[in-house]
Amino acid sequence: RALAARSRAHTLTRASRRSLFSRRSLLRARAARSISEADRHAIKGHMVGLMCQAPPDVQRQLSAALALISASDFPQKWPTLLPELIAKFHEPDVSVTLGVLLTANSIMKRFRYVFKSDALFADLKFVLEQLHAPLLALFKTMGEHLARPDVGASAAQAGVVMEALRL
């Protein structure tokens, strides 16, 4: 009896998880349809710039929102996202660069655990063609920045640069 009760509880839990997933999917689909296309383009147009100007706590929230939007729109419906992020690599403020790298990391996480397909390979090719050269240049610049004596003396600045290099 105890085993049967545990089995039913496990089945109910699995069923409730499926139900929760389908409800979330339905809510996401409704939310996507409820926002007009013009509003979606306006939000996308200002999101990266706003994220870079925001304080760190707000920056993390905007980065998460950007990752959610990009999960459904990137790269087909939002091909300008990567060029906007790459343009922010050259900002003099290292914390802006760190925020952009964190955002890029959260956007690219969706490619990690998906099944191989032609669509996946096309998306990865699109990302790599745009991102590899600017990312390598940024890595070199950050390494040179870390080697400077004024940055090496400041533990806070060195910590931010090391975090950027880690990403």
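# A tour from Gln59 outward

Select Gln59 first; this residue sits in helix H3. The model is a predicted one. Gln59 has a relative accessible area of 11%, under the 20% limit, so it counts as buried. Show its contacts next: leaving aside residues up to four places away in sequence, Gln59 touches Met51, Cys52, Ala54, Ser95, Val96 and Gly99. For one of these partners, Val96, draw a distance between C-alpha atoms: Gln59 and Val96 are 37 residues apart along the chain and separated by 9.1 Å.

**Whole chain**

Zoom out and colour by secondary structure. The protein has eight helices and zero strands, and from the N terminus the order of elements reads α-α-α-α-α-α-α-α. Of its 167 residues, 27% count as buried. Take the contacts between residues at least 6 apart in sequence: 58% of them join residues at least 24 apart.

**Helix H5**

Select residues 94-108, which form helix H5. Its 15 residues reach 21 Å from the first C-alpha to the last, close to the 21 Å expected at 1.5 Å a residue. How many of the 15 residues of H5 are buried? The count is 11, so the helix is largely enclosed by the rest of the structure. To see them, pick Val94, Val96, Thr97, Leu98, Gly99, Val100, Leu101, Thr103, Ala104, Ile107 and Met108, which are buried.

**The largest nonpolar core**

Now bring up the largest nonpolar core, a group of 29 residues. Which of its residues touch the most other members? They are Leu66, Phe74, Leu81 and Met108. At least two core residues come from each of helix H2 (37-53), helix H3 (56-73), helix H4 (81-87), H5, helix H6 (118-147) and helix H8 (155-166). H5 gives the most to this core, with seven residues. As background, nonpolar side chains tend to be buried together in soluble globular proteins.

Centre on Leu81. Not counting residues up to four places away in sequence, Leu81 touches Val48, Leu66, Ser70, Phe74 and Ile107. Two of these partners, Leu66 and Phe74, are also among the core residues that touch the most other members.

**A cis peptide bond**

From Phe74, step to Pro75. The peptide bond from Phe74 to Pro75 is cis, with omega near 0°. Most peptide bonds are trans. Pro75 belongs to the loop between H3 and H4.

**The second largest pocket**

Turn to the second largest pocket, which holds about 190 Å³ of space. Select its lining: Pro56, Gln59, Arg60, Ser63, Ser95, Leu98, Gly99, Leu102 and Val160. H3 and H5 are the elements that give two or more residues to this lining. Coloured by class, the lining has four nonpolar, four polar and one charged residues. Gln59, the starting point of the tour, is part of this lining, and its contacts include two other lining residues, Ser95 and Gly99.

**Two further distances**

Select Leu50 in helix H2. Is Leu50 buried, partly exposed or exposed? Its relative accessible area is 45%, between the 20% and 50% limits, so Leu50 is partly exposed. Draw the C-alpha distance from Leu50 to Leu62: the two are 12 residues apart in sequence and 8.1 Å apart in space.

Finish at Ala147, in helix H6. Ala147 has a relative accessible area of 64%, over the 50% limit, so it is exposed. A last C-alpha pair to label is Ala147 and Ala158, which lie 11 residues apart in sequence and 9.4 Å apart in space.

Key
Residues are numbered from 1 along each chain as its sequence is written. This is a predicted model: local features need pLDDT of at least 70, side-chain atom pairs count only at pLDDT 80 or more; totals for chains, interfaces and linings use all residues. Side-chain values use heavy atoms; hydrogens and water are left out. Helices (H or I, at least four residues) and strands (E, at least two) are DSSP runs, numbered from the N terminus. The expected span of a helix is 1.5 Å times one less than its number of residues. Buried means under 20% relative accessible area, exposed over 50%, partly exposed in between (1.4 Å probe, protein chains only). A nonpolar core is a set of buried Ala, Val, Leu, Ile, Met, Phe, Trp, Tyr and Cys residues joined through side-chain atoms within 4.5 Å. Contact means heavy atoms within 4.5 Å. On a 1 Å grid over the protein atoms alone, a cavity is a set of points where a 1.4 Å probe fits but cannot get out, and a pocket is an open set with protein on both sides within 12 Å along at least five of seven lines; lining residues have an atom within 4 Å of a point. Grid points are joined across faces, edges and corners, and a volume is the space filled by probe spheres set on the points. Ala, Val, Leu, Ile, Met, Phe, Trp, Tyr, Cys and Pro count as nonpolar, Asp, Glu, Lys and Arg as charged, and the others, Gly among them, as polar.
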